[in-house]
Amino acid sequence: MSENQFDVIVIGAGHAGCEAAFASAKLGKKTLLCTINLDNIALMPCAPAVGGVGKGHIVREVDALGGLIGLITDRCAIQYKTLNTSKGIAVQSTRAQVDKHRYKWEMRKYLEKVENLYLRQALITRINVKNGKVESVVDHFGFIFYTKALIITAGTFLSGLIHIGNQTYPAGRAGEFPAMELSNCLRELGFKLGRFKTGTGPRFKKSSIDFSKMDIRPGDGKPRYFSRRTSNLPYNEFPCYVTYTNEITHNLILDNLKHSALYSGQIKGTPVRYCPSLEYKVVKFRDKERHQVILEPEGVDTDEIYVSGLGNSMPPEIQEKIFRSPKGLENVVILRPAYAIEYDYLEPHQLKHTLESKEINGLYFAGQINGTTGYEEAAGQGIIAGINAALKIDDKEPFIISRDEGYIGVMIDDLVTKGTDEPYRIFTSRAEFRLNLREDNVYFRLSEKAYKLGLIDEHLMSEIEKELKFTKELTNYIVNKKIFDENKKETTTLETLIRRENISLYEFPEIVSMYPENVIRYVEIETKYKGYLERQRREAEKIKHLEYIKIPDNMDYNISGISREIREKLNRIKPVNLAQASRIPGITPSAIALLMIYIKKNEEQYKEVI
């Protein structure tokens, strides 16, 4: 293979690109990772944190598949916190503050040592397609790189436009070139693109902040590592701080709305609903006296503080007044202003569950380009795209995570089945089987699949199998262990006692001495929620039978009894099976029944593609 020929090329080295390139190279494919600036690989342009509700689940799922985001996070973490501890086990998630500067250098250092992986600073401007298949890409200098598969992870760079007040300038992120030509090229290839808006908060000089006027928010005091491959790393915890907006802040916003790029009509893209700008919150919730402002350290050796809750698109001179209105920020020095950014995204219904284009063979998309938000969502898509690109080259079966197997599966199915009309963010509420998709059982759910693919090694898999064996042993022990119930004055099993009383397995010394903490935790959860878990698993199995009824690529939806509106939706999404068809908004149960009857009746006609 010559110097400019590759198996897989990845455009963009954010969190999606890094995971995609690593997975592809790990599976033996000569992979080129292209980025506009090699110094900004895996840059965190927004909050210097990883995880959160739903997001923490995805980070662990990527780790279970052998990916990098959890491993690199652990090397750079300066605070760990478990969220939703007062709520049910299904919605409890891990979040970590990280040293953002160390994160990007640790990621680059790791990638530079990966066999089969090549890094290159290049702005890709054109994709060449031949006979419906990706052939090559061209950079801004005119160099051509040939490939069998291409993964685009362009983030916010496609026709990126930054807004600060009435000022606008093209950029993919503050201080970086946008990818204008690539956006135009995708349109020429027939892709439908939309326009979204997001933004990032300001950065303040730490030494200019009076933290004594704020509430301190420490972490849990000890690390709760994201990765199975992490152990005994040095850990120094750094706190976050909280202050609040006030009447002065809100009046400054309301009096200057005409100068906001968001409210002046300057911004056309759809904004992020779940991480709204300060202008939006003040206007939408006028009855609220204050809004929370969180100050997060950007790293260990920097005087820069990231500020969440003050993001806006006002002119700099107005931003300065707004920023100095909350307690503790009266004399703050602004290092970087807040800004809004508009960018093109690919409407994701144009993709398969593998994240490959339905129309162009060998072309994949992952990350924010697919209409999502967040480092975690990007990483989850990236590893799936990288795996599937490598498998396709070897003519192997695609790798797809179903909705009952992982949050990555929920996210991708939501995107390709329902599309998104606003920047998509994962939540535990999006998963109908979330009690089965917990952080504690992620390796039991996904690691065997990763091992069979060759993404994790035999040593790690044997550790997981050993733990699984322990869980079966402990489960059998508590099912058969007789114990006297003092409350009911009767003999019962330990399993029954655990399920009906506020009792923990950690209260039994013989169990604590024999089994690892994570095994005890897993068995206790499975025991306490046994009835709910079994019901969810039965419901998942009912849906599975619809997945086995495949819909042919050349399916004719002109079926008596199915409305034109439903036919249009089915032709637009092109579901691969009845389960996916049933999840398309507006598709009725009667339409699914008619489809099932039609497919079975015409099985002979479609047998070559079923």
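Two strands are said to pair if DSSP finds at least two bridges between them. With that term in hand, this predicted model can be explored from strand β20, which spans residues 339–346.

Strand β20 has two partners. Strand β10, residues 161–164, is joined to β20 by three bridges, and the two run antiparallel. Within this pairing, His163 stands opposite Ala340 of β20. Strand β12, residues 193–200, also runs antiparallel to β20, and eight bridges join them. Here Arg195 stands opposite Asp344.

In a regular strand, side chains alternate between the two faces of the sheet. In β20, Tyr339, Ile341, Tyr343 and Tyr345 point one way, while Ala340, Glu342, Asp344 and Leu346 point the other way. The strand is mostly covered, with eight of its eight residues buried.

One residue of β20 deserves particular attention: Glu342. Which side chain of opposite charge is nearest to this buried residue? It is that of Arg195, 4.0 Å away, yet Glu342 has no salt bridge. The side chain of Glu342 does reach the backbone nitrogen of Lys268, at 2.9 Å. A polar atom of the same Glu342 side chain lies 2.6 Å from the backbone nitrogen of Gly269. Beyond its neighbours within four places in sequence, Glu342 is in contact with several residues, including Ser159, Leu161, His163, Phe196 and Gln266.

Elsewhere in the model, helix α3, residues 69–76, is also mostly covered, with seven of its eight residues buried. The buried residues of α3 are Ile69, Gly70, Leu71, Ile72, Thr73, Asp74 and Cys76.

How values were computed
Residues numbered from 1 in each chain as written. Predicted model: local features only at pLDDT ≥ 70, side-chain atom pairs only at ≥ 80, totals over all residues. Heavy atoms only, no water. Buried < 20%, exposed > 50% of the residue type's maximum accessible area, 1.4 Å probe, protein only. Helix = DSSP H or I, 4+ residues; strand = E, 2+ residues; numbered from the N terminus. Lys, Arg positive; Asp, Glu negative; His and termini not counted. Polar contact = N/O pair within 3.5 Å; in protein donor to acceptor, adjacent residues only side chain to side chain. Contact = heavy atoms within 4.5 Å.
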